[in-house]
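Student: I would like to practise reading a structure feature by feature. Could you take me through one?

Tutor: Gladly; let us open it and begin with the strands.

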Amino acid sequence: MSRLLVTGGAGFIGANFVHYWLEKYQDDRVVALDALTYAGNLVSLANAEGNENYRFVHGNILDLDLLDGVLREEKIDTIVHFAAESHVDRSIHGPDAFIETNVTGTHTLLKAAKSVWLDAGSSQHRFHHVSTDEVYGSLESDDPPFTETTPYAPNSPYSASKAASDHLVRAYHHTYGLQVTTSNCSNNYGPYQFPEKLIPLIVINILAGKALPIYGDGLNIRDWLYVEDHCRGIDLVLKRGKVGEVYNIGGNNEWTNMDIVKLVCRLLDDSFANDSQLAGRFPDSPAVQGKRAESLLTFVKDRPGHDRRYAIDATKTRNELSYEPKESFETGIRKTISWMLDNEPWWRGVMDGSYREWIDRNY
Ligand code: NAD
Ligand code: DAU
């Protein structure tokens with residue numbers, strides 16, 4: 001039986017991971033810790049409420065005393081560290097929060113783990129750090145995908161802060177013997193993703209009849225992975241990965257932004273054609289006016305320093321840990337759109353601020 005601390009557990013991937021773990025390992029203890037920033041949402045964890053093996057702690061990874069207390073009180077033996085500022089555009093406009101949470105916050109968590117585990121002589125522990133393919137920089141169209149030995153070349157304040165945190169995790173292993181693993185993953189999509197990220201933003205804008213903003217020429221490439229496949233990858237790293245090692249996790253699924261947006265447009269046009277109730281629920285959507293969703297495509301100014309292409313080579317993770325994504329893009333994107341149509345209160349709550357008011361009243 002393991003006792004997990006999941007930082008950033010109320011965020012997109014963290015919440016999916018909490019649900020994944022509670023369902024798969026029903027005897028394990030899962031403590032989700034989250035500062036509930038704009039990106040954290042307790043509603044995403046509502047299904048875990050009532051499970052006696054689950055607890056939510058409202059807290060910040062910059063708070064050493066709090067971390068120390070939770071690790072000791074809950075006898076945590078495994079940290080899965082998701083908490084971060086995660087949105088590239090926000091890092092361009094306000095990098096400070098990224099340095100504080102991603103660099104100083106990760107370092108504070110490492111210090112707490114060292115003090116509670118190493119200084120007490122525990123040999124049974126694991127610190128798993130969740131990182132990103134963005135630390136490797138940008139690829140040209142004919143470059144081979146990133147491997148675990150691709151040199152770091154982060155280009156945005158976000159990716160630079162993640163790269164710094166990766167280095168600190170590595171240093172705590174080499175210097176102090178903390179038992180760490182790191183995974184670098186490609187772009188995730190799926191339920192509970194905050195609607196500032198490309199796929200949920202496009203779905204919601206189509207439903208509202210708003211412009212679909214395409215940065216630059218729309219030909220930047222990302223490698224998309226269904227979020228549950230990322231959770232399974234982390235599970236495999238925790239169970240079978242070697243301490244001190246880095247594992248790439250990806251979907252082998254490269255798409256230009258323009259192609260992704262057009263696909264989402266087509267799938268939503270089909271949804272409106274097949275479900276007459278949608279017109280009543282989303283009267284501003286182009287399908288209701290007899291137009292195609294693609295009519296909303298709008299080229300906008302490019303993201304400064306926009307990385308051209310990311311692609312993950314997950315050969316090491318496949319060979320050493322038997323990792324294979326289970327979800328095809330065809331099925332994953334349909335599931336994601338269905339989830340958004342079925343969970344309108346979730347994304348409306350996140351967007352209209354009512355959820356924030358509730359947090360401010362209760363936390
Ligand atoms: P997210 O922005 O949806 O969630 C981040 C969570 O961290 C939020 O719940 C937020 O409240 C919490 N948080 C932020 N600052 C905190 C602090 N100081 N203390 C405690 N909690 C804090 O992010 P996500 O997309 O779920 O990403 C999770 C992790 O996975 C990040 O580390 C990110 O770098 C990494 N990652 C994300 C992707 C992706 O495509 N989304 C891909 C690869 C790696
Ligand atoms: O690669 C992994 C990374 O993927 C994670 O580490 C990050 O946390 C996560 O946010 C994501 O970063 P991206 O910048 O790739 O994701 P985003 O959804 O913001 O953008 C995807 C692509 O779509 C990118 O090329 C920019 C473009 N884009 C994005 C938005 C929000 C648009 O063209 N229009 C938009 O409105």
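Student: In which sense do strand E9 and E11 pair, and over how many bridges?

Tutor: Keep in mind that this is a predicted model. For a pair of strands, look at the sense and then at the bridges. Here strand E9, residues 221-226, runs antiparallel to E11, and three bridges link them. Within that pairing, Asp223 has Glu254 of E11 opposite.

Student: What is the order of the strands in the open sheet?

Tutor: Read across the sheet from one side to the other. The order is E7-E9-E11, three strands with mixed pairing. Strand E7 (187-189) and strand E11 (254-256) are at the edges with a single partner strand each, so each has one side without a neighbour in the sheet. Ignoring direction, neighbouring strands are turned against each other by 50° on average.

Student: Which helix packs on this sheet, and which strands does it touch?

Tutor: Look for contacts, then compare directions. The helix is H8, which touches E9 and E11, and its direction makes about 85° with that of E11.

Student: Now the interior. Which residues touch the most other members of the largest nonpolar core?

Tutor: For a core, ask which members are best connected and which element supplies them. This core has 70 residues, and Phe17, Val18, Leu45, Val264 and Ile333 are the ones touching the most other members. Helix H8, spanning residues 257-274, is the top contributor with nine residues. Another core lies apart from it, with 22 residues that include Leu33, Ile61, Leu109 and Trp117.

Student: What is Val18 in contact with, leaving aside its neighbours within four places in sequence?

Tutor: Such a list shows which parts of the chain come together. For Val18 the partners are Val6, Gly9, Val30, Ala32, Leu45, Ala48 and Tyr54.

Student: Let me try a polar residue. Is His129 buried or exposed?

Tutor: Check the relative accessible area, with under 20% counting as buried. His129 has 0%, so this residue is buried. His129 sits in strand E5, residues 126-132. Its contacts beyond four places in sequence include His81, Thr106, Lys162 and Asp166. Its side chain also makes a polar contact of 3.2 Å with the side chain of Ser165. As for spacing, the C-alpha atoms of His129 and Asn184 are 8.8 Å apart, though 55 residues separate them along the chain.

Student: And where does Asp68 lie, and what does Asp68 touch?

Tutor: Asp68 belongs to helix H2, residues 64-73. With a relative accessible area of 18%, Asp68 is buried as well. Not counting residues up to four places away in sequence, Asp68 touches Ala112, Ser115 and Val116.

Student: Finally, the ligands. Which residues come nearest to ligand 1?

Tutor: Start with the surrounding residues, then go to individual atom pairs. Of 28 residues around ligand 1, the nearest are Ile13, Asp34, Ser86, Tyr158 and Lys162. One oxygen atom of ligand 1 is 2.8 Å from a polar backbone atom of Ile13. A nitrogen atom of ligand 1 is 3.0 Å from a backbone N or O atom of Ile61.

Student: Which residues come nearest to ligand 2?

Tutor: Around ligand 2 there are 22 residues, with Asp133, Tyr158, Asn187, Arg303 and His306 nearest. An oxygen atom of ligand 2 lies 2.7 Å from a polar backbone atom of Ser86. Arg222 offers a side-chain example: one of its N or O atoms there is 2.8 Å from an oxygen atom of ligand 2.

Technical notes. Residues are numbered from 1 along each chain as its sequence is written. Chains are lettered from A and ligands numbered from 1 in the order in which they are written. This is a predicted model: local features need pLDDT of at least 70, side-chain atom pairs count only at pLDDT 80 or more; totals for chains, interfaces and linings use all residues. Side-chain values use heavy atoms; hydrogens and water are left out. A nonpolar core is a set of buried Ala, Val, Leu, Ile, Met, Phe, Trp, Tyr and Cys residues joined through side-chain atoms within 4.5 Å. Buried means under 20% relative accessible area, exposed over 50%, partly exposed in between (1.4 Å probe, protein chains only). Helices (H or I, at least four residues) and strands (E, at least two) are DSSP runs, numbered from the N terminus. Contact means heavy atoms within 4.5 Å. Two strands pair if DSSP finds at least two bridges between them. Axes are lines fitted to C-alpha atoms, for helices over the stretch in contact, and angles run from 0 to 180 degrees between N-to-C directions. A residue is near a molecule or strand if one of its heavy atoms lies within 4 Å of it. A polar contact is a pair of N or O atoms within 3.5 Å; within protein, one must be able to donate a hydrogen and the other to accept it, and residues adjacent in sequence count only if both atoms are side-chain atoms.
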